[in-house]
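This report introduces a protein chain to a reader who has not met it before. The overall fold is treated first, and selected local details follow.

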Amino acid sequence: MLLCHLDELPDGSTRGFKVAGLRCKVIVVRRGDRVYGWRDLCPHYAGGTPMAWKRDAYLNGEGTHIACAAHGAWFEIDTGVCVQGPCLGKRLTRVPLEIRSDGTVAMATSGR
Ligand code: FES
């Protein structure tokens, strides 16, 4: 499942993608030449809650962590672990991604 091209995802940015078959968006965060994928479901509540306060706004003000707008939880971008907020120690659900040779970002087959 193709999501975007690296050119559409500047370093330090995030985007949310709707994916057929998933009930939530997939968050993609770019850090240099790496991309990290997470389901847009905060683990604070069972069942999960979408985290952005506006379109594609998934990071805290400093851009250091994924932030949930509902109650302020912060998650590490590379591990998905909550390091601040009401769900401390819980983690986001990873969506394995791959960067293909042509620069497209896609969900790895095991990410569904
Ligand atoms: S729903 Fe995300 S911190 Fe409460």
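## Overall architecture

Read from the N terminus, the elements of the chain follow the order β-β-β-β-β-β-β-β-β. The secondary structure accordingly amounts to 0 helices and 9 strands. The model is a predicted one.

The C-alpha trace of the chain spans about 40 × 30 × 25 Å along its principal axes. For 112 residues, a compact globule would be expected to have a radius of gyration near 13 Å, and the value of 13 Å found for the chain agrees with this.

## Burial, surface and contacts

Of the 112 residues in the chain, 45% are buried. The chain exposes about 6000 Å², and carbon and sulfur atoms supply 50% of that area.

Contacts across the sequence may be considered as well. Among those between residues at least 6 apart in sequence, 40% join residues at least 24 apart.

## The hairpin of strands 3 and 4

Strand 3, covering residues 26-31, pairs with strand 4, covering residues 34-39. The pairing is antiparallel and extends over 6 bridges. One of the bridge partnerships links Arg 31 with Arg 34 of strand 4.

The hairpin has 2 residues between the strands. In this hairpin, Gly 32 adopts a positive phi near 65 degrees. As a general point about such elements, the side chains of a regular strand alternate between the two faces of the sheet.

## Ser 13 and its surroundings

Ser 13 is located in the loop that lies between strand 1 (2-5) and strand 2 (14-17). Is this residue buried or exposed? Ser 13 is buried, because its relative accessible area is 19% and the limit for burial is under 20%.

The side chain of Ser 13 reaches the backbone oxygen of Pro 10 at a distance of 2.6 Å. When residues up to four places away in sequence are not counted, Ser 13 touches Val 28, Val 29, Arg 30 and Arg 31. Arg 31, one of these contacts, is also the residue whose bridge partner in strand 4 is Arg 34. The four touched residues fall within the range of strand 3, residues 26-31.

## Asp 56 and the salt bridges

Asp 56 belongs to the loop between strand 4 and strand 5 (65-67). Although Asp 56 is not a glycine, its phi is positive, at about 65 degrees. Asp 56 has a relative accessible area of 22% and is therefore partly exposed.

How many salt bridges does the structure hold? There are 2 salt bridges in the structure. In one of them, Arg 55 is joined to Asp 56, and the closest N and O atoms are 3.9 Å apart; the cut-off for a salt bridge is within 4 Å. Arg 55 has a relative accessibility of 70% and so counts as exposed, whereas Asp 56 is partly exposed at 22%.

A salt bridge is also formed by the side chains of Arg 100 and Glu 98, with an N to O distance of 3.0 Å. Arg 100 is partly exposed, with a relative accessible area of 36%. Glu 98 likewise counts as partly exposed, at 32% relative accessibility.

Terms used. Residues numbered from 1 in each chain as written. Predicted model: local features only at pLDDT ≥ 70, side-chain atom pairs only at ≥ 80, totals over all residues. Heavy atoms only, no water. Pairing = 2+ DSSP bridges. Helix = DSSP H or I, 4+ residues; strand = E, 2+ residues; numbered from the N terminus. Buried < 20%, exposed > 50% of the residue type's maximum accessible area, 1.4 Å probe, protein only. Polar contact = N/O pair within 3.5 Å; in protein donor to acceptor, adjacent residues only side chain to side chain. Contact = heavy atoms within 4.5 Å. Rg over C-alpha atoms; globule rule 2.2 N^0.38 Å. Areas by Shrake-Rupley, 256 points an atom, 1.4 Å probe, with all protein chains shown as cover.
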